[in-house]
Amino acid sequence: MKKVAEAALDTSTEERIKEAARKVFMQKGYAATRVRDIAEEAGINIALLNYYFRSKEKLFDLVMLEKVQQFAGELRQIMLDEATSLREKVERIAAFYVDLLLAQPELPLFIFSELRTNPEKLVGTLGAKKVVMQSRFAEQLRETLGDNHSHTNPFQLIISLLGMAVFPFIARPMLQIVGEQNDAMFAAMMQERKHLLPQWFDAMLKSS
């Protein structure tokens, strides 16, 4: 009975530390975060935090991997899917990013700011080259472009699609000021974007 209680306590403490690390890293980034900041957020001392996770870097790797999987894991599944058409993939990508980033608006800035620091590590973790350039999505793009493939690199279209899906959330504070939008108005505009993105992507394909 005592061992069960100790195991539950260990799990609870570990999760509390991870939750504190998520919050602090998302607010401050890796470089500006101190181990003391995480310990204070978790309501524990530094020695106990070190007992569970040894270092700030190890904690950050856990948080970053989790956030990158949220940001790109579903994208990977969509792009590798053999059963869906190119248009269906575009629709799913648009819907996925709108829903995810409305729920977690701080996510893209966190990922991209840290991605600049260590791009090779994150690209390798995700297997991004395979997802982007060797996926079924890329094959379908090449098939659709046909002879135009020699003039239009499919990578250009992939970059444009992801940029149109993610950029509004990176620039959200500025866009809301310029457009005189509150949060509800911005969310409504992003929901509309779910339907517009596939149409714009079709137009890019036709002009390529």
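This briefing covers the fold, the charged pairs and some individual residues of the chain.

The structure is a predicted model, in which local features need pLDDT of at least 70 and side-chain atom pairs count only at pLDDT 80 or more, while totals for chains, interfaces and linings use all residues. Residues are numbered from 1 along each chain as its sequence is written, and side-chain values use heavy atoms, with hydrogens and water left out. The chain has 12 helices and zero strands; helices (H or I, at least four residues) and strands (E, at least two) are DSSP runs, numbered from the N terminus.

**Overall fold**

- Of the 208 residues of the chain, 40% count as buried. Buried means under 20% relative accessible area, exposed means over 50%, and partly exposed lies in between (1.4 Å probe, protein chains only).
- Contacts, meaning heavy atoms within 4.5 Å, often link distant parts of the sequence: of those between residues at least 6 apart, 68% join residues at least 24 apart.
- About 11900 Å² of the chain is exposed, and carbon and sulfur atoms supply 56% of that area. Accessible areas come from the Shrake-Rupley method with a 1.4 Å probe, and for residues only the protein chains shown count as cover.

**Salt bridges**

- The whole structure holds 16 salt bridges, each defined as a side-chain nitrogen of Lys or Arg within 4 Å of a carboxyl oxygen of Asp or Glu.
- Glu74 pairs with Arg92 in a salt bridge, with the closest N and O atoms 3.6 Å apart. Glu74 lies in helix H4 (residues 56-80) and Arg92 in helix H5, so this pair ties together parts that are 18 residues apart in sequence. Glu74 is partly exposed at 33% relative accessibility, and Arg92 is also partly exposed, with a relative accessible area of 30%.
- Arg172 and Asp183 form a salt bridge at 3.5 Å, N to O. Because Arg172 is in helix H11 (residues 172-178) and Asp183 in helix H12 (residues 183-207), the pair ties together parts that are 11 residues apart in sequence. Arg172 counts as buried, at 12% relative accessibility.
- Glu15, Lys18, Glu19, Arg22 and Glu66 are joined into one network by salt bridges that share partners.

**Helix H9**

- Arg136 and Glu139 form a salt bridge in which the closest N and O atoms are 3.2 Å apart. Both residues lie in helix H9 (residues 136-145), three residues apart, about one turn of the helix. An α-helix has 3.6 residues a turn, so residues three or four places apart point the same way.
- Arg136 counts as buried at 18% relative accessibility, whereas Glu139 is partly exposed at 33%.
- The buried residues of H9 include Phe137, Ala138, Gln140, Leu141 and Leu145.
- Gly146 follows H9 and has a positive phi, near 55°.

**Buried charges without a salt bridge**

- Lys and Arg count as positive and Asp and Glu as negative; His and the chain ends are not counted.
- Lys89, in helix H5 (residues 86-103), is buried yet has no salt bridge, and the nearest side chain of opposite charge, Asp81, is 5.4 Å away. The side chain of Lys89 does reach the backbone oxygen of Thr84 at 2.6 Å.
- Leaving aside residues up to four places away in sequence, Lys89 touches Ile78, Met79, Asp81, Thr84, Arg136, Phe137 and Gln140.
- Arg193, in helix H12, is likewise buried without a salt bridge; for Arg193 the nearest side chain of opposite charge is Glu192, 8.2 Å away.
- With residues up to four places away in sequence not counted, Arg193 touches Met164, Pro168, Pro198 and Trp200.

**Surface and loops**

- Met133, Phe155 and Ile159 make up a nonpolar surface patch with about 250 Å² of accessible area together. Patches are made of residues with over 30% relative accessible area and no salt bridge, with like charges joined within 9 Å and nonpolar side chains (Val, Leu, Ile, Met, Phe, Trp, Tyr) within 5 Å.
- Ile159 sits in helix H10 (residues 154-170) and is partly exposed, at 44% relative accessibility.
- Arg54 is not a glycine but has a positive phi of about 70°. Arg54 lies in the loop between helix H3 (46-53) and H4, and is exposed, with a relative accessible area of 64%.
- Glu180, also not a glycine, has a positive phi of about 50°. Glu180 is in the loop between H11 and H12 and counts as exposed at 69% relative accessibility.

Methods: Polar contact = N/O pair within 3.5 Å; in protein donor to acceptor, adjacent residues only side chain to side chain.
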